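Biologist: Please take one close look at the interior of this model for a first-year student, starting from a single residue and working outwards. I would like one connected account rather than a list.

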Amino acid sequence: MVPGGACPSPSAPYGVLAGSGAGSGIEADQTPRPGRGGIGATGLSFQGHVRMTALSGSLNGSSSNSALVHALAEVPSDVDLTVWEGLDQLPYFRPDAPGDDQVGALRHAVAAADAVLIATPEYAGGMPGTLKNALDWLVGTGELYAKPVVVLSAAPSPERGHNARRWVEETVRMQGASVVDSYTVAIARSDGPQDLALRAGEALGRAIGALQRGAAISS
Ligand SMILES: Cc1cc2nc3c(=O)[nH]c(=O)nc-3n(C[C@H](O)[C@H](O)[C@H](O)COP(=O)(O)O)c2cc1C
């Protein structure tokens, strides 16, 4: 267990009971529920200041997903959004290994957040292996359990990226997370900083709305 981490629960198949930002922001219903599918109230309530951890699944130096999460962090709002960058520093997941300091840092970043935002590119019809590797490190310790998650994909057009999002949705749901929104943010290569700031403003507003509604979506 890492600082801010979670204690394993034998009652949860993949996730475990994790702290969900008690005391600020979003409070999550900790009632165990099936790991995938279904639409229904999650018990989330939005109380103003929210701590959000954002991950970009892309290691591309000119990544539109990384640009998006960094632009989200710059949007003036009540959301304290921290971009966690370290996917490429994580060891390969091993169920028989406790994880190193970087794994601990990831677990802490997720555990300390009221909500998580994942922006993923799509590679060959799925999420990048680096992102799946990171999410696998959270299975045993359960930081995603009962955590509201927004899944985005920054792609050249809105019909792209849905396979990667679906994979991410299924993976986090299997860990007990509640996916409150999932969609593709169209970002053209020709988009400049102002376009990106506009997309980020829209995306953060939509994320806040989804968290306020607090209803899980199914893919
Ligand atoms: C190796 C590779 C495979 C890709 N496979 C798909 C795909 O299956 N479906 C899709 O919609 N886009 C695919 N793309 C396009 C990327 O998902 C898309 O350009 C995305 O915006 C890249 O995000 P990034 O700039 O954050 O890395 C692929 C790109 C690469 C480099």
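**From one residue into the interior**

Modeller: If we set aside its neighbours within four places in sequence, Val150 is in contact with Ala115, Leu117, Val180, Asp181, Ala207 and Ala210. Please keep in mind throughout that this is a predicted model. Val150 is also among the residues with the most contacts inside the largest nonpolar core, a set of 54 residues, and it shares that standing with Met52, Leu68, Leu72, Leu117, Val149 and Leu152. The largest share of this core, 7 residues, is contributed by helix α5, which spans residues 193-213.

To place this core in the whole, the protein chain has 5 helices and 7 strands, and along the sequence these follow the pattern β-β-α-β-α-β-α-β-α-β-α-β. Of the 219 residues in the protein chain, 44% are buried. Among contacts with a separation of 6 or more, 79% join residues 24 or more positions apart.

One piece of that pattern can be followed in detail, for strand β2 (residues 50-56), helix α1 (residues 64-74) and strand β3 make a right-handed β-α-β unit. Strands β2 and β3, the latter covering residues 79-83, pair in the parallel sense over 5 bridges, and here Arg51 stands opposite Asp80 in β3.

Two further helices show how buried residues are covered. In helix α2 (residues 101-111) the buried residues are Val103, Leu106, Arg107, Ala109, Val110 and Ala111, and their cover includes β2, β3, β4 and α3. In helix α4 (residues 162-174) the first and last C-alpha lie 18 Å apart over 13 residues, close to the 18 Å expected. The buried residues of α4 are Ala164, Arg165, Trp167, Val168, Glu169, Thr171, Val172 and Arg173, and what covers them includes β4 (115-119), α3 (129-136), β5 (148-155) and β6 (178-186). After α4 comes Gly176, with a positive phi near 90°.

The ligand gives a second way to read the model, since it is surrounded by 16 residues, of which the closest are Ser58, Ser63, Asn65, Pro121 and Arg160. Two or more residues of this shell come from each of α1 and β5, and α1 gives the most, with 3 residues. Asn65 has its place in helix α1, and it counts as buried because 28 other C-beta atoms lie within 10 Å, where the cut-off is 20 or more. Not counting residues up to four places away in sequence, Asn65 touches Ser56, Gly57, Ser58, Ala119, Thr120, Pro121 and Ala154. Although Asn65 and Leu152 are 87 residues apart in sequence, their C-alpha atoms are 8.4 Å apart in space.

Finally, consider Ile187, which lies in the loop between β6 and α5. This loop residue is buried too, because 21 other C-beta atoms lie within 10 Å of it. With residues up to four places away in sequence left out, Ile187 touches Ser64, Leu68, Ala154, Leu196 and Arg199. Its C-alpha is 5.1 Å from that of Pro156, although Ile187 and Pro156 are 31 residues apart in sequence.

Methods. Residues numbered from 1 in each chain as written. Predicted model: local features only at pLDDT ≥ 70, side-chain atom pairs only at ≥ 80, totals over all residues. Pairing = 2+ DSSP bridges. Helix = DSSP H or I, 4+ residues; strand = E, 2+ residues; numbered from the N terminus. Right-handed = clockwise from strand over helix to strand, strands pointing away. Buried ≥ 20, exposed ≤ 12 C-beta atoms within 10 Å, placed from the backbone. Contact = placed C-beta atoms within 7 Å. Expected span 1.5 Å × (residues − 1). Core = buried A, V, L, I, M, F, W, Y, C linked by C-beta atoms within 7 Å. Near = placed C-beta within 6 Å.
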